[in-house]
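Me: I've got a model open and I'd like to talk through its ligand sites and how its domains meet. Can you walk me through it?

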Amino acid sequence: MSHKKITIGMFSLTGCEGCYFAVLDLREKFLELKNKVEFKNFRLFEDTEHFPSEQYDYAFVEGSPITKDNIKRLRQIRKHSDKLVAFGGCAHIGGIYHMKKYVDKDKAYNHVYGQEKGIDNLDVQPIDKIVRVDYVIPGCPVTPKEFLQFIYKVILGAEFEITQNPVCYECQSKGYKCVLMAENQVCLGPISQGGCEAICLKSGQGCWGCRGLVEDAEVDNLVKLLRKNHSNKEITKFFEVFGVKELINK
Ligand code: SF4
Ligand code: SF4
Ligand code: SF4
């Protein structure tokens, strides 16, 4: 008896495609998946990218919806998918484009595009402000292991969920030095969603919070602690990259 393969559409809005490249890092493991599910419209494999035209069991959306075309495309993807996955920080929380939110939008445009006209300059927003999102795989880029877990759960018909633990949990389980306490570095690990295996701390660099806030994040406590050794400017630099600057002065 033949079973129909699960179809997964892979779509990109505006982003660096680092999340899809991260998936390719799985190499053979990714190729093995192709025997079990059917990936469609994967731009890194195909010459041209298509507008969603068929029905997908799952659609992965990478990138941020920052042009009118992106928004139109996102709505089409939603229409053509049974389940939609926000894939990576750009789709999940708006991504590093948030930096634009804290400067004059037009100045930012001119800095990047100069006199060029006709490019949209919309506000940054996560995709769930525009369409319903069923699942999130966070990170900038995503953690390939979580992508694999997601696909295998889908194959087994099990529910996928990201465990809510701050980055500190993995950092300390792995025995990394706490750069916040030992070196007075800014680190957003205590308030950030873990699951990345504290990869930045492995190389002694503070966490920037690319996976978004963990549930019940104690932002005030962290800010109070950071204020002992850092200026507002230094703290802001970290909080604005992934769009949580407003929380500093709440
Ligand atoms: S989340 Fe990061 S790695 Fe993924 S597309 Fe956006 S900028 Fe690139
Ligand atoms: S280095 Fe950062 S992530 Fe690690 S324990 Fe310290 S505060 Fe938490
Ligand atoms: S340590 Fe922080 S910035 Fe680095 S990958 Fe994990 S969540 Fe993202």
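Reply: Sure, here come some questions and answers on this predicted model.

Me: Which helices each supply at least two residues of the shell around ligand 1?

Reply: Start with the shell itself: 14 residues surround ligand 1, and G15, G18, G88, C90 and C140 are the closest. By class, that shell holds 6 nonpolar, 6 polar and 2 charged residues. The helices that each put in at least two residues are α1 (18–24) and α4 (89–93).

Me: And ligand 3, which helix gives the most to its shell?

Reply: Ligand 3 has 13 residues around it, with C196, C200, C207, C210 and R211 coming nearest. Sorted by class, the shell around ligand 3 has 9 nonpolar, 3 polar and 1 charged. The top contributor gives 3 residues and spans residues 199–202: helix α9.

Me: How far apart are the centres of domain 1 and domain 2?

Reply: The protein chain splits into domain 1 (6–156) and domain 2 (167–249). Taking the centres over C-alpha atoms, the separation is 25 Å.

Me: Which element gives the most to the side of domain 1 that touches domain 2?

Reply: Across the boundary, 14 residues of domain 1 are in contact with 11 residues of domain 2. On the domain 1 side that touches domain 2, the classes come out as 6 nonpolar, 6 polar and 2 charged. We've already met the element in question, as a supplier of the shell around ligand 1. With 3 residues on that side of domain 1, the one giving the most is α4.

How values were computed. Residues numbered from 1 in each chain as written. Chains lettered and ligands numbered in written order. Predicted model: local features only at pLDDT ≥ 70, side-chain atom pairs only at ≥ 80, totals over all residues. Near = placed C-beta within 6 Å. Helix = DSSP H or I, 4+ residues; strand = E, 2+ residues; numbered from the N terminus. Nonpolar A, V, L, I, M, F, W, Y, C, P; charged D, E, K, R; others polar. Domains from an automatic or database assignment. Contact = placed C-beta atoms within 7 Å.
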